[in-house]
Amino acid sequence: MSELNQLHPQGLWEIFAGICSIPHPSKHEQKISLWIQEWAKEKGLDVKEDAVGNLFIKKPATAGMEDRKGVILQAHMDMVPQKNNDTAHDFLTDPIRPYIDGEWVTAEGTTLGADNGIGLASAMAVLASNDVAHGPLEVLVTIDEEAGMSGAFGLEAGWLEGDILINTDSEQEGEVYMGCAGGVDASATFTLEMEDVPSGYESFNISISGLKGGHSGVDIHTGRANANKLLVRFLLQATKQFGIQLTELNGGSLRNAIPREANASFVVASENIAALKVAFESYLATIQENLKVIETDLTMMLIQPETFDQMWTKACQSNILSALNGVSNGVIRMSDDIAGVVETSLNLGVLRCKGPKFVALCLIRSLHDDGRSETEEMIESVFTLAGAKVEFSGAYPGWKPSTDSAIMNIVRETYQQNFNKLPEIMVIHAGLECGLFKTEYPHLDMVSIGPTIKFPHSPDEKVEIKTVGEYWKLLTAVLANIPSK
């Protein structure tokens, strides 16, 4: 970690190195929360924890700035736990291993956690600094942003005192965000019907890997392939042509990450094996050619594992594969109001065999409630026709843009003063917590900024070093420019 401590701004990078040293995947934030609290107390700062686990840290205004509007810096303490198959890493016990790779910082075989570790480190660096001018300052650190936003959902009225909230969870320097998509989780659960494998059948395992994956919101329009969809397509073809029958099907790891890997086990009559292998090689060659510009490392493997005694019935398999093949994935509609921004999307994120059940998990995102509802109805229709039980949960609202936002104008003017150009004013196709904050704090004037982070939610995640310095320069200048009440 010592090499990170040589980067600028040093205080921010030192804190980020400390964050990387403490396991903090979603739903397991206890260690990082205790570390933050102990750190704040050592600095003589007022820190408290609410009923769901969010942290609140206060710092008095710089001398002479007591009359400024109160600012809340906001970050989340959890990270997405993703790793390559060949990486030995336990996210509950092992530290992230960051390193400098040219102009970027990335991690060894895992997600880096720059989303939102850099934002968290920047807020803590402001708290630690005696050189950053600011008015009354609060830092809100939420839990579980990546896996349900339970921290933001649980935020109660009466804790926050500020007038302005600066969210630090954006991922492109030079872009200032004034709105975001809402979302909802969808699950489709099938009851598996099994039968004995007859004689004359052989067992196989098929896997697909090496895909780029990424964030199911900000990367959904990039054309990256979904491992679940690619594998299901082949399995459906092989079912029709060679009569394969599945014994298991799993893929993806998180509903908010584009699946990079998927695998299945099946049996097939011995006389069809030779033709199956030819079809497998042909399919692999086709998708490698079709996706070669984006998916440069796509690979598939077909091996013979141990023998299976039971397989899915033909009717059960047909229902599941047809539904998975038929449900949409990726961009559903682009925005009519904001050029280049996705309005509605769907990610078929996770496939899991769980005992006698098979479960498919999706994440719907949309800038509009009606776009979300329409996609919910589509998913429910497809999976219900196939005999699944469909449930929706964890719905969260979008953050509606405010064209008369005072903090937006301050950030834009401050950016121009410091960089001699105007920033892009954007709406992000991802689930920032800002929309939920408005529920209990409707008066908050909000904006979201951050450095450039590429490939979040995947082991290729990296943050551009120079943009961290630029983000820090902007953040501290904005704090100095906050007007009086």
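# A Tour of Cavities, Pockets and Helix Pairs

The lining of the largest cavity contains, by class, six nonpolar, four polar and seven charged residues. The structure on display is a predicted model, and this cavity is the starting point of the tour.

**Stop 1: the largest cavity**

Select E145, E146, H215, R365 and G431; among the 17 residues that line the largest cavity, these lie nearest its centre. The space in the largest cavity amounts to about 170 Å³. How many cavities of 30 Å³ or more does a search of the whole structure find? The search finds three. Rolling a probe the size of a water molecule over the atoms is what shows where empty space is left.

**Stop 2: the second largest cavity**

Next, select E173, G174, E175, V176, Y415, F419, P423, I449, G450, E470, Y471 and L474, which line the second largest cavity. Strand β8, helix α9 (406-419) and helix α11 (465-481) each give two or more residues to the lining of the second largest cavity. Which element supplies the largest share of this lining? The largest share comes from α11, with three residues. By class, the lining of the second largest cavity has seven nonpolar, two polar and three charged residues. The second largest cavity holds about 60 Å³ of space.

**Stop 3: the largest pocket**

Keep E175 selected and add Y177, V218, H221 and I428. These five are the residues nearest the centre of the largest pocket, out of 22 that line it. E175 thus appears at two stops, since E175 belongs to the lining of the second largest cavity and also to that of the largest pocket. The volume of the largest pocket is about 420 Å³.

Now colour β8 (175-180), β22 (424-428) and β24 (453-454), each of which supplies at least two residues of the lining of the largest pocket. The largest share, three residues, belongs to β22. In this lining there are 11 nonpolar, six polar and five charged residues.

**Stop 4: the second largest pocket**

The second largest pocket has about 350 Å³ of space. To find its centre, select N85, G252, S253, R260 and E261, the closest to that centre of the 20 residues in the lining. Then show β11 (201-209), β13 (245-251) and β15 (262-269), the elements that give two or more residues to the lining of the second largest pocket. Of these strands, β11 provides the largest share, three residues. The classes in this lining are seven nonpolar, nine polar and four charged.

**Stop 5: helices α1 and α3**

Turn now to the helices. Select α1 (residues 10-20) together with α3; the two pack at an angle of about 130 degrees, and their axes are 8 Å apart. At that angle, α1 and α3 are therefore oblique to each other. Is their crossing left-handed or right-handed? The crossing of α1 and α3 is right-handed.

To see the contact, display G11, L12, W13, I15, F16 and I19 on α1, and A114, G117, I118, L120, A121, S122, M124 and A125 on α3. The contact of α1 with α3 comprises 11 nonpolar, three polar and no charged residues.

**Stop 6: helices α2 and α3**

Leave α3 (residues 114-128) in view and add α2 (residues 30-42); the axes of this pair come within 11 Å and cross at roughly 15 degrees. Angles under 35 degrees count as roughly parallel, and α2 and α3 are therefore roughly parallel to each other. Their crossing is right-handed.

On α2, select W35, I36 and W39; on α3, select L120, M124, L127 and A128. These residues make the contact. What classes are present in the contact of α2 with α3? It has seven nonpolar residues, no polar and no charged. Two residues of α3, L120 and M124, are found in the contact with α1 as well as in the contact with α2.

**Stop 7: helices α5 and α6**

For the last stop, select α5 (residues 227-242) and α6 (residues 273-290), whose axes come within 11 Å and cross at roughly 150 degrees. This makes α5 roughly antiparallel to α6. The crossing of α5 past α6 is right-handed.

The contact involves L230, R233, F234, Q237, A238, Q241 and F242 on α5, and A275, L276, A279, F280, Y283 and I287 on α6. Classified by type, the residues of the contact of α5 with α6 are 10 nonpolar, two polar and one charged.

Note on methods. Residues numbered from 1 in each chain as written. Predicted model: local features only at pLDDT ≥ 70, side-chain atom pairs only at ≥ 80, totals over all residues. Heavy atoms only, no water. Axes fitted to C-alpha atoms, helices over the stretch in contact; angles between N-to-C directions. Helix = DSSP H or I, 4+ residues; strand = E, 2+ residues; numbered from the N terminus. Parallel < 35°, antiparallel > 145°, perpendicular 65-115°, else oblique. Left-handed = near helix turned anticlockwise from the far one by under 90°. Contact = heavy atoms within 4.5 Å. Nonpolar A, V, L, I, M, F, W, Y, C, P; charged D, E, K, R; others polar. 1 Å grid on protein atoms, 1.4 Å probe; cavity = no way out; pocket = protein on both sides within 12 Å on 5 of 7 lines; lining within 4 Å. Points joined across faces, edges and corners; volume = space filled by probe spheres on them.
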